Number of protein chains: 4
Amino acid sequence: MGSIFGKLFKVSTFGESHGRAVGVVIDGLPPGIEISEDYIQKELDRRKPGQSKITTQRGESDKIEILSGVFEGKSTGVPLAMLVWNEDFRSKDYSHIADKFRPSHADYTYHVKYKGIRDYRGGGRSSARETLARVAAGAIAKKMLESEGISFYAYVSQVGELVLNKLYTELDLSLIDSNIVRCPDAEMAQKMIDYIDTIRLQRDTIGGVITGIIKGCPVGLGEPVFDKLHAELGKAMLSINAVKGFSIGSGFEGVKLKGSEHNDVFFVEDNRVRTYTNNSGGVQGGISNGEDIYFKVAFKPVATIMQEQKSIDEHGNEVTISGKGRHDPCVLPRAVPIVEAMAALVIADFWLIYKAYK
Amino acid sequence: MGSIFGKLFKVSTFGESHGRAVGVVIDGLPPGIEISEDYIQKELDRRKPGQSKITTQRGESDKIEILSGVFEGKSTGVPLAMLVWNEDFRSKDYSHIADKFRPSHADYTYHVKYKGIRDYRGGGRSSARETLARVAAGAIAKKMLESEGISFYAYVSQVGELVLNKLYTELDLSLIDSNIVRCPDAEMAQKMIDYIDTIRLQRDTIGGVITGIIKGCPVGLGEPVFDKLHAELGKAMLSINAVKGFSIGSGFEGVKLKGSEHNDVFFVEDNRVRTYTNNSGGVQGGISNGEDIYFKVAFKPVATIMQEQKSIDEHGNEVTISGKGRHDPCVLPRAVPIVEAMAALVIADFWLIYKAYK
Amino acid sequence: MGSIFGKLFKVSTFGESHGRAVGVVIDGLPPGIEISEDYIQKELDRRKPGQSKITTQRGESDKIEILSGVFEGKSTGVPLAMLVWNEDFRSKDYSHIADKFRPSHADYTYHVKYKGIRDYRGGGRSSARETLARVAAGAIAKKMLESEGISFYAYVSQVGELVLNKLYTELDLSLIDSNIVRCPDAEMAQKMIDYIDTIRLQRDTIGGVITGIIKGCPVGLGEPVFDKLHAELGKAMLSINAVKGFSIGSGFEGVKLKGSEHNDVFFVEDNRVRTYTNNSGGVQGGISNGEDIYFKVAFKPVATIMQEQKSIDEHGNEVTISGKGRHDPCVLPRAVPIVEAMAALVIADFWLIYKAYK
Amino acid sequence: MGSIFGKLFKVSTFGESHGRAVGVVIDGLPPGIEISEDYIQKELDRRKPGQSKITTQRGESDKIEILSGVFEGKSTGVPLAMLVWNEDFRSKDYSHIADKFRPSHADYTYHVKYKGIRDYRGGGRSSARETLARVAAGAIAKKMLESEGISFYAYVSQVGELVLNKLYTELDLSLIDSNIVRCPDAEMAQKMIDYIDTIRLQRDTIGGVITGIIKGCPVGLGEPVFDKLHAELGKAMLSINAVKGFSIGSGFEGVKLKGSEHNDVFFVEDNRVRTYTNNSGGVQGGISNGEDIYFKVAFKPVATIMQEQKSIDEHGNEVTISGKGRHDPCVLPRAVPIVEAMAALVIADFWLIYKAYK
């Protein structure tokens with residue numbers, strides 16, 4: 001249970017970190033979308049390990065293969081399946097971790113939930129490697145929505161205590177990928193990079209915040225009551241590994257404001273209804289109002305640290321766990337395309353529902 | 001679309017603020033749960049208007065009636081329908097607001113989404129009156145889970161800038177309903193009450209934060225990948241009117257920590273696996289780990305203020321909107337049972353799925 | 001579980017035979033559909049008891065009331081709730097049947113499934129009275145589809161051994177309601193009426209077949225693989241009480257044909273692709289091809305007979321059950337609007353999905 | 001849309017006849033089920049082409065590969081993905097059929113539904129090759145249910161006019177696979193084989209009926225109202241290519257009976273509630289009653305015949321289509337494992353729901 005997302009644009013992911021492959025099936029994609037493996041690969045490459053000194057140094061080629069649903073370069077409207085083979089999937093030795101519960105990982109909860117049967121290698125299904133499938137599916141969703149004028153952005157706006165105190169509207173979003181931390185403010189980006197590097201040398205990890213923006217949504221996306229646009233968006237973001245918080249528009253800061261300060265007043269500009277301010281974050285009553293949708297996603301520090309930690313094993317014995325391998329000191333830079341992908345999946349689904357009632 | 005919640009424990013709400021009735025159908029309730037209108041009424045009374053000087057002074061009796069699914073005091077396992085009649089539902093005059101878009105309300109987005117056809121009276125379907133149906137359904141979910149040892153708490157932990165800087169573990173949760181603002185710290189409660197009263201006299205409104213706690217969950221609730229426990233919980237909370245943010249465990253504060261500080265180390269206590277700290281908020285890998293689940297919900301200030309505001313009407317004309325009637329200066333105290341109810345709906349659904357795989 | 005139907009046009013029914021009310025909530029109805037209680041009532045009156053000498057003589061007024069989702073005569077796009085109050089719902093005495101399992105009823109299976117807790121009065125939730133909610137919802141679906149040129153017909157084509165050996169294309173479907181058995185062939189109708197009357201005098205019941213026709217569907221309704229149009233239609237029909245079989249197009253007769261006889265050859269007529277024959281029943285590969293959709297629904301004889309029958313009670317004791325009250329000797333005439341309603345619900349749902357991808 | 005089946009035991013198939021692979025993802029499988037590729041392969045081999053002279057002579061090895069969800073021979077509870085590579089998938093020449101609509105195939109409806117974009121090679125997604133994925137998933141479902149004492153049988157009970165006039169209770173079901181037509185009555189089997197061979201020599205095809213039986217279900221599987229056990233079973237069967245009809249228990253024959261003849265009278269045997277007759281087919285009120293569930297599935301003759309047929313192309317021109325390649329004169333023998341697989345998927349889903357409420 002739990003590996004399928006969406007009502008019409010249904011995304012079903014599969015695969016463990018060290019199993020044979022990680023993949024995804026999209027059922028509900030319209031026909032006629034131009035799709036190539038090269039295009040999807042570009043998105044995947046933004047997520048892949050080994051991009052820079054502040055991400056894990058693991059080398060994974062993560063080559064996407066389309067298995068179905070595309071004919072002569074276009075989606076056919078039937079299920080689109082894609083996968084990435086896991087390289088050398090049998091080679092590594094994880095026996096030292098097989099019966100231990102790593103702190104703040106999913107080892108223990110999976111162990112109990114799945115009655116002691118779990119693929120412990122690299123976290124198995126709970127590995128962030130699963131997000132590879134999300135990014136591939138998100139690339140398709142983005143492509144579909146691109147022609148409707150809807151676009152997606154995300155950037156790192158906080159690392160540890162380093163907070164970029166600028167609104168997204170003050171930034172040049174085309175610069176996001178211009179540095180390895182994916183923060184469009186060059187000065188802050190350098191600080192973040194230096195800080196992450198320090199953390200890495202401490203053999204530790206650090207959390208942060210990603211800001212996401214969706215531009216170009218028509219008025220009317222989202223459904224009232226339970227399936228509000230920002231409720232589904234929140235669920236999508238909270239489903240990403242290591243995410244502990246989500247807010248839209250004024251978010252947790254807006255609670256300090258009075259109604260007279262917070263309300264977004266309407267006006268008409270070029271025959272279009274606008275609001276002077278956008279504390280609502282582009283969503284009112286759960287439905288897009290045509291303004292930019294913007295939100296924040298809080299990531300805790302990565303649980304895998306390169307230090308010795310106390311823990312227990314399956315039998316309740318105290319054990320020591322020592323970080324091995326190559327891991328991210330800060331997951332944020334690589335999480336940027338994941339945030340964009342999840343946002344695209346949410347909007348793709350609402351877009352189809354919107355069309356159903358248009 | 002959008003008015004049905006849950007996979008097995010399915011809750012379907014209906015009704016507008018000034019229509020004939022607001023109600024709910026639960027499909028997927030197990031048989032044998034003891035249910036009485038009196039029990040549900042008690043929960044509804046915690047939500048109802050006119051409770052105190054800091055809530056709206058509207059008098060609504062909100063009497064729950066069970067229409068089906070209960071026989072001789074017990075649920076039968078078939079759909080349980082309940083409703084509350086709207087009193088004097090045709091009497092009030094809303095013509096002054098009929099074609100105007102109130103700022104930061106759902107008037108405009110509903111108008112466009114539903115092609116100009118909407119019940120404008122009191123916000124229609126977008127009214128917070130809909131949450132009455134959620135509280136009624138939540139009462140049933142709570143009852144079902146009570147016998148499994150699972151309980152739900154929520155309290156006001158922030159109003160405007162007034163922040164209760166204590167962990168929930170330092171508070172006596174039995175005191176939540178002991179004051180009208182529903183904050184279990186007497187001193188802070190009084191400050192909040194006084195502040196809300198000031199805001200009320202300013203004919204303004206103010207936001208705040210509710211902290212929620214779920215105790216007694218077994219290890220294993222929640223599903224990996226998309227349907228993580230805190231992802232569904234986040235969706236549920238974000239679907240409540242006026243909510244702009246959600247966080248679990250360490251939340252937005254946790255991003256500042258290093259992995260070595262944030263990780264929750266396991267130990268064994270009385271043959272039970274525990275963690276020394278609970279930055280995870282009781283959920284690891286999307287699955288409950290047996291510790292308390294705790295979370296924060298950010299509410300923006302109520303959009304309806306007792307002041308004149310500029311806006312536009314359906315034809316794009318500038319208009320002035322003046323707050324009429326009796327409204328809440330701060331929605332938080334009445335939202336406490338709604339947060340509990342939504343938490344109960346999420347856990348009820350996961351509980352049934354958990355049993356399916358047990 | 002099991003009382004919600006549809007993916008976008010979601011219909012949720014509730015209520016027991018002798019509970020307080022039977023009702024339905026539709027979530028997913030587009031705005032702007034003209035809806036009145038009078039219009040729905042007309043459909044309900046075709047289903048109601050006491051219409052003629054060959055149906056049950058119970059008098060039930062079954063007055064529909066709309067509770068939400070309609071404003072100034074039009075659907076608003078939010079949940080439309082309707083109900084019919086059960087008259088004198090506490091008055092009848094069912095104690096004689098309270099702990100007995102009537103043969104071929106749902107008494108025993110409900111008793112076990114719901115752990116001994118069930119509303120035994122008149123079959124409770126398993127009563128055919130639940131179909132009242134389906135007919136009300138179906139009326140709304142029909143209305144929505146009427147403006148798209150899609151229309152629904154059903155008639156009694158077999159009662160016991162009396163088979164109307166004419167294709168629907170040879171009949172005048174406007175005559176369906178011209179007689180009390182709802183068979184558009186006057187001669188056969190009279191035979192059926194006489195036969196049912198004989199059965200009634202024997203204090204017995206008899207089964208039969210209803211033929212359904214859907215006209216005006218565009219090419220493209222239905223989804224491939226699992227959600228084929230005729231698969232969902234079959235599910236919808238088989239969900240009606242007493243239905244034991246469903247077939248589309250050539251159905252069980254078509255199995256005797258060779259491919260060269262059965263294949264429907266395409267041709268072009270007035271710029272429209274047609275088939276010379278329609279053994280496919282208007283559906284190919286699970287998707288409507290623009291031809292009439294026609295199907296058969298087999299109803300077993302009503303289980304309640306006015307004779308003594310042996311059975312057992314909840315404790316395993318042998319008991320005698322004697323038919324009491326006023327029951328239908330043949331359910332077919334009253335089932336005609338139910339078949340139409342369920343067909344309309346299926347097509348309404350596919351229609352919205354079709355629009356989502358158009 | 002339409003390629004996902006099930007509520008808890010969710011099966012998502014993908015792949016076209018001549019694409020790269022056909023596969024399936026199961027989300028919702030419990031952990032701990034013993035699974036091997038060999039076991040699944042055995043079921044696939046019952047479906048594969050080239051088994052005998054009365055099936056297509058195409059040679060396909062159809063080797064199943066498990067990609068995820070199985071660890072050390074057991075299901076882990078996370079998505080189980082499997083696929084079969086299509087051999088020589090680029091080699092065949094289908095250009096002669098690329099723009100033509102084969103009679104009674106899905107070519108035309110797919111063409112319109114998917115806006116002219118379709119993989120025409122061998123029917124693409126509408127090919128019966130998709131059922132390979134169903135059989136693989138069904139094998140897993142069978143395995144899960146085997147340990148609960150639930151078993152599945154299907155056999156050919158009619159080919160053209162040749163009807164096996166024996167109840168399943170009079171047959172030795174262990175003989176089903178003892179002959180190439182999969183009819184457990186040796187004498188009738190031989191007649192069917194001879195007849196199909198005659199049809200093959202006529203370069204034609206023939207339809208037939210498969211009878212299915214489910215043994216060992218506990219009382220209580222299935223949900224009332226819309227999701228009745230036989231309604232979902234009917235949907236599942238009608239979703240198989242070429243199926244035009246479904247009936248349960250007395251089916252279309254039962255309509256001729258009177259209630260006094262049709263009712264299944266209860267009695268107690270060995271402390272278990274039984275019925276003397278089983279016209280209900282093991283389902284009452286949509287819920288299993290503990291008796292055998294039996295049903296019939298009607299298959300039309302295969303549309304692909306080895307004869308010239310008139311048709312049209314995408315531009316509306318009249319064309320002639322000539323059957324090429326190696327096709328089944330009668331699909332029934334190879335459809336037997338598909339019927340069993342779909343029955344297993346339905347029961348697996350209901351079984352998990354049943355456990356949720358137990």
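Me: How many of the 25 residues of H8(B) are buried?
Reply: This is a predicted model. A residue counts as buried when 20 or more other C-beta atoms lie within 10 Å of its own. By that test H8(B) is mostly covered. The number of its residues that are buried is 24.

Me: How far does helix H8 of chain B reach from its first C-alpha to its last?
Reply: Helix H8 of chain B runs over residues 332-356, which makes 25 residues. At 1.5 Å a residue, 36 Å is expected. The model comes close to that, with a reach of 36 Å.

Me: Turn to chain D. How many residues of H8(D) are buried?
Reply: Helix H8 of chain D covers residues 332-356. From first C-alpha to last it reaches 36 Å, close to the 36 Å expected. H8(D) is mostly covered, and of its 25 residues the buried ones number 24.

Me: Which helix of chain A gives the most to the side that touches chain B?
Reply: The contact draws 87 residues from chain A and 87 residues from chain B. On the chain A side, the top contributor supplies 6 residues. It spans residues 229-238 and is helix H5.

Me: How many residues on the side of chain A that touches chain B are charged?
Reply: Chain A puts 87 residues into its contact with chain B. They divide into 37 nonpolar and 34 polar residues, plus a charged group. The charged group numbers 16.

Me: In which sense do strand E12 of chain A and strand E12 of chain B pair?
Reply: Each strand covers residues 243-248. The two are joined over 3 bridges. A:Gly245, for one, stands opposite B:Ser247 in E12(B). The sense of the pairing is antiparallel.

Me: Which strands are the edge strands of the open sheet that holds E12(A) and E12(B)?
Reply: The sheet has 10 strands with antiparallel pairing. Its order is E10(A)-E9(A)-E11(A)-E17(A)-E12(A)-E12(B)-E17(B)-E11(B)-E9(B)-E10(B). An edge strand here pairs on one side only. That leaves strand E10 (162-163) of chain A and strand E10 (162-163) of chain B.

Me: Within that sheet, which residue in E17(A) does A:Thr211 stand opposite?
Reply: Strand E11 (residues 208-215) and strand E17 (residues 293-299) of chain A run antiparallel. They are joined by 7 bridges. Opposite A:Thr211 in E17(A) stands A:Lys296.

Me: Now chains C and D. What relation do these two chains have?
Reply: Chain C superposes on chain D with an RMSD of 0.0 Å. The operation is a rotation of 180° with 0.0 Å of shift along its axis. That is therefore the relation of a two-fold axis.

Me: How much of the contact surface of chain C recurs in chain D?
Reply: The contact takes 87 residues from chain C and 87 residues from chain D. Helix H5 (residues 229-238) of chain C gives the most to its side, with 6 residues. The same surface serves both copies. The share of the contact residues of chain C that recur in chain D is 100%.

Me: Which residue of D does C:Ser247 stand opposite?
Reply: Strand E12 (residues 243-248) of chain C pairs with strand E12 (residues 243-248) of chain D. The pairing is antiparallel, over 3 bridges. In E12(D), C:Ser247 stands opposite D:Gly245.

Me: Strand E7 of chain C: how many of its 6 residues are buried?
Reply: E7(C) is joined to strand E3 (residues 21-27) of chain C by 6 bridges, and C:Ala21 has C:Trp85 as its bridge partner. Another 4 bridges join strand E4 (residues 64-68) of chain C to E7(C), where C:Ile64 stands opposite C:Val84. Strand E7 (residues 80-85) is largely enclosed by the rest of the structure, because its buried residues number 5.

Me: In E18(D), what is the bridge partner of D:Lys100?
Reply: Chain D has an open sheet of 3 strands in the order E8-E18-E19, with antiparallel pairing. Its edge strands are E8 (100-101) and E19 (318-322). E8(D) pairs with strand E18 (residues 308-313) over 2 bridges. The bridge partner of D:Lys100 is D:Asp313.

Me: What does A:Glu261 count as, given its C-beta neighbours?
Reply: A:Glu261 lies in helix H7 (residues 259-262) of chain A. Its C-alpha is 9.4 Å from that of A:Asn279, 18 residues apart along the chain. It has 16 C-beta neighbours inside 10 Å, so it counts as partly exposed.

Terms used: Residues are numbered from 1 along each chain as its sequence is written. Chains are lettered from A and ligands numbered from 1 in the order in which they are written. This is a predicted model: local features need pLDDT of at least 70, side-chain atom pairs count only at pLDDT 80 or more; totals for chains, interfaces and linings use all residues. Two residues are in contact if their C-beta atoms, placed from the backbone, lie within 7 Å. Ala, Val, Leu, Ile, Met, Phe, Trp, Tyr, Cys and Pro count as nonpolar, Asp, Glu, Lys and Arg as charged, and the others, Gly among them, as polar. Two strands pair if DSSP finds at least two bridges between them. Copies are superposed by least squares on the C-alpha atoms of residues with pLDDT of at least 70 in both. The expected span of a helix is 1.5 Å times one less than its number of residues. A residue is buried if 20 or more other C-beta atoms lie within 10 Å of its own, exposed if 12 or fewer, and partly exposed in between; C-beta atoms are placed from the backbone.
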